[in-house]
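The following paragraphs are best read with the coordinates open in a viewer. They proceed from the helices to the chain as a whole.

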Amino acid sequence: MSESAGAVVKNEGESVSGVFRERLSVPWWGWPLPLLAGVLLAAEIHMGFPGVRSWLPYVVVVPLVALLVWRMGALRVEVRDGELHVGDAHVPLELLGEVETFTAKTKRKAMGPHLDPAAFVAHRGWIGPMLRVRLEDPQDPTPYWQFSTRDAERLAEVLRAARAR
């Protein structure tokens, strides 16, 4: 699911208060296969053991698989406190340059032959849109950040408004 807050742009005095918050997670259709694999693994461990050892693998393995799917699929994208946060990484808005949006169809080239190996990438395959934000920090070897977001156009607006300030 995605939770997001909108951008508020005020023309008076060039004050921009952009807030964007989104949590990307694995959709419902991404859960059954890993959970089934966890149940099968628990069944293999359980085979032939009576008593406590028969149900213990299910209690341990299946929740562990659920935790791994939830944790590996979760990504927060936020603009707050004058910084862009993508997962655990963050960069001040003053250091952001050009902002490009990609649709589900155009991101294939951006993720393929046109991807710089030094770029910061936070890609979630089940999310269609993607954003590329160039960095204007001469001390940072990372040329740009490229990351998935469900509402790329709105986030691009917030970042462009912050850059225009």
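The expected span of a helix is taken as 1.5 Å times one less than its number of residues. This provides a check on the helices of the model, which is a predicted one. Helix α2 covers residues 52–73, and its 22 residues should therefore span 32 Å. The C-alpha atoms at its two ends are 32 Å apart, in agreement with that expectation. The check can be repeated on α1, whose 15 residues should span 21 Å. Its end C-alpha atoms are 21 Å apart, which again agrees. After α1 comes Gly48, with a positive phi near 85°.

Which residues of α2 are buried? They are Ser54, Pro57, Val61, Val65, Val69 and Gly73. Around the axis these residues cover an arc of only 70°, and therefore they lie on the same side of α2. The cover over the buried residues of α2 includes two strands, β3 (20–24) and β4 (75–80), together with helix α1 (32–46).

α2 and β4 also take part in the largest pocket, each of them supplying at least two residues of its lining. Empty space of this kind is revealed by rolling a probe the size of a water molecule over the atoms. The volume of the largest pocket is about 190 Å³. Its lining consists of Arg23, Trp70, Arg71, Ala74, Leu75, Arg76, Gly87 and Asp88.

The loop between β4 and β5 (83–86) contains Asp81. Most residues other than glycine have a negative phi. Asp81 is not a glycine, yet its phi is positive, near 55°. Is Asp81 buried or exposed? Its relative accessible area is 68%, and since exposed means over 50%, Asp81 counts as exposed.

These elements can now be placed in the chain as a whole. The secondary structure comprises four helices and 10 strands. Read from the N terminus, their order is β-β-β-α-α-β-β-β-β-α-β-β-β-α. Among contacts in the chain with a separation of 6 or more, 61% join residues 24 or more positions apart. The chain has 165 residues, and 33% of them count as buried. Its accessible surface amounts to about 10,100 Å², with 60% of that area belonging to carbon and sulfur atoms.

Conventions
Residues are numbered from 1 along each chain as its sequence is written. This is a predicted model: local features need pLDDT of at least 70, side-chain atom pairs count only at pLDDT 80 or more; totals for chains, interfaces and linings use all residues. Side-chain values use heavy atoms; hydrogens and water are left out. Buried means under 20% relative accessible area, exposed over 50%, partly exposed in between (1.4 Å probe, protein chains only). Contact means heavy atoms within 4.5 Å. Accessible areas come from the Shrake-Rupley method with a 1.4 Å probe; for residues, only the protein chains shown count as cover. The arc is that of the directions from the helix axis to the C-beta atoms. On a 1 Å grid over the protein atoms alone, a cavity is a set of points where a 1.4 Å probe fits but cannot get out, and a pocket is an open set with protein on both sides within 12 Å along at least five of seven lines; lining residues have an atom within 4 Å of a point. Grid points are joined across faces, edges and corners, and a volume is the space filled by probe spheres set on the points.
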